[in-house]
Amino acid sequence: MKNWILYIAIFVLLLLLWQHFGSTNNRVRMLISSPELSYAFLKENSSLLLKATYTTLVEAFLGLLIATSFAFALMIVCFRFKAFFNFILPLLLATQVIPLITFAPFFILWLGIGISSKVALAAVISFYPIFMNFATGYNSISTNIFDLLEIYKSKLTFRIVNVYFPLSLPNIFTGLKISATLSVIGAIVAEFSGAETGLGKNLLLSAIRIEPELMMVSIFLSAVIGGLMFSIIYIIERLMSAWYIDDKKLN
């Protein structure tokens, strides 16, 4: 409780400092505006800003959903073919030397300026943490458990549903929480390269037009989307993984 009071106090202090310098210093005003002016801008342009926020949220959510589905499907294939698992891991590691956000123009040319290109980049950026954390969770399962499954000749479906997936949940949700915010970044970066609407487009326009209010409001709304995505994953984890969360509390 004391920590929350401290966090709120720091937030209020920063807000007051921002308001003070934003209203008394022209240089600060041109860079980051002020809370009062930003709120007035948000109120005046609420319909357009909400539309942009909704678009970016949909792009990020669909990208995360696609990345999660593909990561799970690929892991199931790896469970079936162990040699494929050992083959694909180095390749996935190698792809991380490429800054994935540089693919944004490629997806725009391939899929067009609409929502599809933004979803694609969000999915590509979100995929790696989910898959690698799932793989890490699988590799951390005790060899004794694998031996026991072999002794009883357990079917692959039973192993996945009752052993591999449950025991990998802590790692899976770690990857999902990382990717939840990365999907928002992917959608916004893709919007930089071309979009009909979205927070990324607003951020780009704010720099071109020198509109600090548009920039600050768009940053705030982007943070809201990221927080919302993270919170959804956190709530799902609490519902599905009470067994290991409660165990952590006891320890």
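What is the volume of the second largest pocket? The second largest pocket holds about 330 Å³. A pocket is an open set of points on a 1 Å grid over the protein atoms alone, where a 1.4 Å probe fits, with protein on both sides within 12 Å along at least five of seven lines; lining residues have an atom within 4 Å of a point. Volume is the space filled by probe spheres set on the points, joined across faces, edges and corners.

This is a predicted model, in which local features need pLDDT of at least 70, side-chain atom pairs count only at pLDDT 80 or more, and totals for chains, interfaces and linings use all residues. Residues are numbered from 1 along each chain as its sequence is written, and side-chain values use heavy atoms, without hydrogens and water.

| Pocket | Volume | Lining by class | Largest share of lining |
|---|---|---|---|
| Largest | about 430 Å³ | 12 nonpolar, one polar, no charged residues | helix 11, five residues |
| Second largest | about 330 Å³ | 13 nonpolar, two polar, no charged residues | helix 7, six residues |

Nonpolar covers Ala, Val, Leu, Ile, Met, Phe, Trp, Tyr, Cys and Pro; charged covers Asp, Glu, Lys and Arg; the others, Gly among them, are polar. Helices are DSSP runs (H or I, at least four residues), numbered from the N terminus.

In the largest pocket, the lining residues closest to the centre are Phe 11, Leu 15, Trp 18, Pro 35 and Phe 220. In the second largest, they are Phe 70, Ala 120, Ala 123, Val 124 and Phe 127.

Pro 35 also belongs to helix 3 (residues 35-44), where Pro 35, Ser 38 and Phe 41 are buried (under 20% relative accessible area, 1.4 Å probe, protein chains only). Glu 36, Tyr 39, Lys 43 and Glu 44 are exposed (over 50%) on the face turned away from the buried side of helix 3.
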